[in-house]
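Student: Could you show me how to read the features of a structure, one by one?
Tutor: Gladly; let us look at it together.

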Amino acid sequence: MSDSICWGLALSRAGAPVLERLDQGGLLKARAEPGAGAAELLSRHWGDASAFVVVGACGAVTRLVAPLLQGKEHDPAVVVVDPQGRFAIPLLGGHGAGAEQLSQRVAALLGGEAVLTGASSGGGSLALDSFGLAWGWRKGLGDWTALMKAAARGKRIAVQQESGCPDWQGLQAAATLLQPQAEPAKEPPPAESPPLQLVISPRRGPGCRWHPPSLWLGLGCERDTSLSLLERLLEQALDGTQLAPEAVAGLASIDRKGDEPALLELARSHRWPLRLFSAEDLAAVPVPSPSQAVLREMGTASVAEAAALLASSPQPELLLEKRIERARPGERGAATLAVAQATGQWAPQRGRLHLVGSGPGQLDLLTPDARLALAESTVWVGYSLYLDLLEPLRRPDQLRRDGKLTEERDRCRLALELADAGLSVALVSSGDSGIYGMAGLALELWLERAPAERPAFTVHPGLSALQVAAARAGAPLMHDFCTISLSDRLTPWPTIEKRLRAAASGDFVVALYNPRSLGRDWQLGRARELLLEGRSTETPVVLARQLGRAEESVQLHSLGDLPLDQVDMLSLVLVGNSSSRRQDGVMVTPRGYPGAELS
């Protein structure tokens with residue numbers, strides 16, 4: 001998707017604001033001035049663009065693109081948006097060209113609705129000819145048109161999965177496809193044909209095939225071996241075993257070959273990662289074809305087989321023992337190749353980890369950036385309460401993986417593992433992911449990996465409880481403020497006390513996160529004592545609970561009479577500074593202290 005070219009154009013100036021919003025959201029790679037030669041622009045870029053988003057009427061767009069149509073295998077995606085940005089309609093290339101997915105991204109950015117009319121999406125079922133892309137797979141051969149027509153008629157589809165991530169079977173949209181079939185009639189019609197097959201496998205063969213990235217090619221070669229030799233060895237090995245190039249996850253070799261030009265070019269041209277292992281690590285791997293000559297030269301008895309097995313760990317299966325190819329006239333060097341299969345799939349270069357701040361839980365307070373990330377993600381990972389609040393936005397083709405409140409590290413690891421498989425994953429935090437959320441922990445785990453083994457990582461900001469509480473209460477954050485978490489699970493209490501004393505002496509407005517729980521019922525009282533060392537008992541305090549939810553409550557108190565027993569982990573306590581005041585049901589902190597000049 002990163003190499004796609006999406007054009008935006010509007011048929012009149014009324015659509016200019018919509019294009020502007022899509023451009024600011026990073027959806028468009030190019031856009032035309034409103035009303036400027038739409039027909040000519042479409043014709044000029046029809047062959048090189050992957051998609052068009054056109055703001056205008058469906059009828060007008062249909063007449064413009066009709067003369068350009070070449071067939072569903074060649075035409076780009078076309079999404080039509082009304083000038084108010086309320087509806088995004090995939091007019092052309094719904095599955096194969098990705099128009100349905102694009103329309104969902106457009107709707108997420110605009111806060112509108114994607115109008116999906118395809119048989120699969122309309123019925124809440126999987127689009128069998130495109131759903132594998134979201135799971136990091138590559139599409140193989142097969143009569144996909146016949147498969148889709150059969151599925152639309154309710155015909156039985158036989159599903160066979162030999163490799164790759166099986167989690168897709170938990171999708172709501174996959175239920176009909178995977179449910180047990182009714183017993184056949186005792187005397188079926190003689191003309192009844194066998195069911196069409198959907199096969200998820202690293203191998204070529206009959207049926208419509210998706211190929212997960214599960215094959216690792218172990219390569220060893222002499223110095224300055226020719227690229228043409230490597231390409232020939234690769235092609236002959238895969239063809240001879242009926243293994244699909246689309247199922248290759250990457251190349252593996254010894255670290256001494258990390259600067260080999262032909263090996264680097266092979267990885268670059270196929271967009272495969274190259275994993276390199278030390279001789280010590282390779283020597284520890286049992287292989288069927290060790291070589292004493294290789295041992296003397298490289299310090300390990302195997303490069304190709306050992307590297308393929310090591311890259312496919314744990315539980316690898318060697319599908320092809322090493323083959324040797326030597327130079328032909330005009331070529332240099334020699335090379336060995338072995339192929340191993342991993343039990344799962346590994347393609348971090350195709351994956352993306354979205355750290356999503358969901359805000360307080362109210363959907364209209366979700367930022368467009370966060371909404372877009374959720375729409376693009378194949379799997380949502382998060383604490384069950386936070387995912388429940390977002391549930392109205394989840395589609396039947398998106399998987400939900402719930403975690404427990406205190407298992408943050410496990411949720412981060414799960415999200416990274418899914419992204420390693422080549423998936424787009426949303427790791428959801430309440431509020432802002434970078435404020436007492438999951439972004440920091442996830443980033444720490446991400447940074448532990450080698451750069452070539454990291455999925456893309458993006459943090460999407462959200463409204464924090466601090467901001468929402470302040471907005472509900474008036475204007476309490478008009479001067480310097482700080483936030484302090486009273487949870488001592490990750491911070492020693494003496495450190496928290498030190499920060500509370502500093503906030504009190506510095507006369508900051510203070511937002512207290514994680515203020516009180518059943519197991520921590522005294523810390524808030526102690527925090528009040530420390531803050532009272534630097535401010536009056538009449539200092540105004542906002543007690544906000546369940547912000548953005550049906551049970552929302554926002555109350556104003558003074559620091560001296562704060563009802564501690566009404567505070568829990570769903571609350572935020574906002575304590576004013578020495579100049580804050582409450583009046584007529586609101587709280588305000590002046591922008592400057594007495595005597596300061598405001599401009």
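We will go through a helix, a pocket, the cores and a few backbone angles.

Tutor: This is a predicted model, in which local features need pLDDT of at least 70 and side-chain atom pairs count only at pLDDT 80 or more, while totals for chains, interfaces and linings use all residues. Residues are numbered from 1 along each chain as its sequence is written, and side-chain values use heavy atoms, with hydrogens and water left out.

Student: Which residues of helix α1 are buried?
Tutor: Buried means under 20% relative accessible area, exposed over 50%, and partly exposed in between, with a 1.4 Å probe and protein chains only. Helices (H or I, at least four residues) and strands (E, at least two) are DSSP runs, numbered from the N terminus. In α1, residues 16–24, the buried ones are Val18, Leu19 and Leu22. Viewed down the axis of α1, these buried residues fall within an arc of 95°, so they line one face of the helix. That arc is taken from the directions from the helix axis to the C-beta atoms.

Student: What do the buried residues of α1 pack against?
Tutor: Contact means heavy atoms within 4.5 Å. The partners are β1 (6–10), β2 (30–31), β3 (51–55), β4 (77–81) and α4 (99–110). Just after α1, Gly26 has a positive phi of about 80°.

Student: How is empty space found, and how much lies in the second largest pocket?
Tutor: Rolling a probe the size of a water molecule over the atoms shows where empty space is left. A pocket, on a 1 Å grid over the protein atoms alone, is an open set of points where a 1.4 Å probe fits, with protein on both sides within 12 Å along at least five of seven lines; lining residues have an atom within 4 Å of a point. Grid points are joined across faces, edges and corners, and the volume is the space filled by probe spheres set on them. Here the second largest pocket holds about 1500 Å³. Its lining has 49 residues, and those closest to the centre are Tyr386, Glu408, Tyr436, Asn514 and Met569. Helix α16 gives the largest share of the lining, four residues.

Student: Where does Tyr436 lie, and is this residue buried or partly exposed?
Tutor: Tyr436 sits in the loop between β19 and α17, and is partly exposed, with a relative accessible area of 42%.

Student: What should I look for in its backbone?
Tutor: Most residues other than glycine have a negative phi, and most peptide bonds are trans. Tyr436 has a positive phi, near 55°. Gln242 is not a glycine either, yet its phi is positive at about 60°; it lies in the loop between α9 (227–241) and β12 (248–254). The peptide bond from Ser313 to Pro314 is cis, with omega near 0°.

Student: Which residues touch the most other members of the largest nonpolar core?
Tutor: In soluble globular proteins, nonpolar side chains tend to be buried together. A nonpolar core is a set of buried Ala, Val, Leu, Ile, Met, Phe, Trp, Tyr and Cys residues joined through side-chain atoms within 4.5 Å. The largest has 42 residues, and Leu128, Phe131, Trp135, Trp168, Leu198, Leu353 and Leu427 touch the most other members. The largest share of this core, six residues, comes from α16. A second, separate core of 25 residues includes Leu215, Leu229, Leu263 and Leu319.
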